[in-house]
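Work through the exercises below with the model open beside you. Try each task before reading its solution.

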Amino acid sequence: MNTPTSQYQPVLRVENLDVRYGSFQAVKNVSFYVHPGEIFGLLGPNGAGKTSTLSAVEGLLKPDSGTIRVAGYDYRKQPLHVRASMGVQLQSTSFQPELTVSEIIQLYAGIYGIPLTPEKIVAILAGIKLEDSANKRFGQLSGGQQQRVSLVIATIHHPPLVLMDEPTTGLDPQSRRQLWERIESMRDKGHAILLTTHSMEEAESVCDRIAIIDHGQIITTDSPQAIIDSNRDKPEVIRASRRGKITLEDVFIGLTGAAVRS
Amino acid sequence: MSSTITSTATTITPGQTIQPPVNLPSTAAVFSGLLRADLTTQWRNRRASIMVILIPTIILMAWKGLVAKFGGAFVLSNCITVGLNAIGLMGYTNTVARDRDKGIFQRLRVTPAPRWIIIASRLVVQLAMIIISTLILFLIGYQFDHITMPATGYIYAFLAAIVGGAVYLSLGQVIVGLIYNPETVQVTTRLVYFAFIMIGMFAQFGMLGKELGNIADWSPYGAVRNIISASLSPATWNNKTSTALLITFGYTAVFTILGIRWFRWSNK
């Protein structure tokens, strides 16, 4: 087995990524990195290229050019090592509807080579307060419960990198707060987390750094507060401000435009 | 960002990466996990599986009177072929179309499971269905229609059923490769299933004319039925059956190549 290149490199390193759909270039020369113990948010309007970027990192689409390295492994050379080094929570939680929650956990643990006894599965479910739902079908769980199970599965193999595509979409405020706490807890355990979100509140609350992507290009990368501070005096940001105080949403609208994207 | 973080193994500071070596799970472990899940899914959908076996069973019982006229091999081979049609076109194809639509494949594709294993596990489940269906039809044929074949006939027919089943599984792969919407896939597989059975059956009785009879004889239905029939009664195997066997392999090869080439893991 090849060993990772360095102990001091970011867990995820994306360089000069290009993704095209026919003649349309969805992602243009995108580069960013995510360190361990860091929550990195990818923000952008609909069609900006964030899902294409995330899909390329997940290995669901093949980029036209650029490099993606996860935990030191190159996607083109060692795709299985890359996939084993990351946990993924897709936008729609998609598990076999015929299987129970414990069967789904057992399936994915098996795929990652993690042996689990029934007692261990119960303990895992107890950790997310779902010990009574072991024999329920996934579809019988609420949205928040589904997200918790999905997150447990994404991290069952303790991956260095966790990818989350709009993890709190459709959740009520309580479930959303609970999920934020879980994401922060994962960060504290050393996971590097890359998430996409449309929620500026989420980006401000949980992300250590964010990148705003528009028309396939990253237009700014920094901590949420630093992005607000460096853009608060721009006329387009001031115009976007609704309450006098400049928020991340104002900066986002100011930088990406107020027009609704399809 | 917190000042220190605790990984599963050690405490590190931000900016420093402790990268544990990745232990890839063995292919056998991944396959076994997927197979267990796919078998459980098949079991929980047993009503559909029963329907797949029930139709050829009913035909076999209804055709009891034809055994004396056309022979046990003829009746049994038709019923086995109908069962193979149903397993390949409706069982496999519809579950693949549904799981693709629900994003189940996408979820599996982001894991270290090699992609061919995801499909191989499903094919093994369908192989089990072929074996069960063929065994049930042998038993019903023996018990109800009093069809008795030589032991070698049962063994060869068993193998022929697996070879024939591959034609319909690969044809199903072509259908899910060409059509993405699961409802449209379902309608299409039913139409193809119905067309194969009706044209194949009526044509072999000469009810559709000689020309269509010839075409039907070499169709995926006719070719598979011919090799199963001759396998059940090995003494009747002739050049025409050998040609049918080659054509069966040909259908499988062409459908497999096209099915894999056109297949998309996601509807989006």
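Two strands pair if DSSP finds at least two bridges between them. Strands (E, at least two residues) and helices (H or I, at least four) are DSSP runs, numbered from the N terminus. The model is predicted: local features need pLDDT of at least 70, side-chain atom pairs count only at pLDDT 80 or more, and totals for chains, interfaces and linings use all residues. Residues are numbered from 1 along each chain as its sequence is written, and chains are lettered from A and ligands numbered from 1 in the order in which they are written.

**Exercise 1.** Find the order of the four strands in the open antiparallel sheet of chain A.

Solution.
- Step 1: The order reads 2-1-4-5 in chain A, with antiparallel pairing.
- Step 2: Strand 2 (24–34) and strand 5 (73–74) of chain A are the edges, each pairing on one side only.
- Step 3: Strand 1 (residues 12–21) of chain A is joined to strand 2 of chain A by seven bridges.
- Step 4: Within that pair, A:Val19 has A:Val27 as its bridge partner.

**Exercise 2.** Trace the open sheet of six strands in chain A and explain its edges.

Solution.
- Step 1: The order is 6-7-8-3-9-10 in chain A, and the pairing is mixed.
- Step 2: Strand 6 (86–89) and strand 10 (217–222) of chain A each have a single partner strand, so one side of each lacks a neighbour in the sheet.
- Step 3: Neighbouring strands are turned by 15° against each other on average, direction ignored. Axes here are lines fitted to C-alpha atoms, for helices over the stretch in contact; angles run from 0 to 180 degrees between N-to-C directions.
- Step 4: Strand 6 and strand 7 (residues 161–165) of chain A run parallel over four bridges. A:Met86 stands opposite A:Leu161 there.

**Exercise 3.** Which strands of the six-stranded sheet does helix 6 of chain A touch?

Solution.
- Step 1: Count a contact when C-beta atoms, placed from the backbone, lie within 7 Å.
- Step 2: Helix 6 (residues 173–188) touches strand 3, strand 7 and strand 8 of chain A.
- Step 3: The helix direction makes about 150° with that of strand 8 of chain A.

**Exercise 4.** Which strands does helix 1 of chain A lie across, and at what angle to strand 1 of chain A?

Solution.
- Step 1: Helix 1 of chain A lies across strand 1, strand 2 and strand 4 (65–70) of chain A.
- Step 2: Helix 1 runs at about 115° to strand 1 of chain A.

How values were computed: Two residues are in contact if their C-beta atoms, placed from the backbone, lie within 7 Å.
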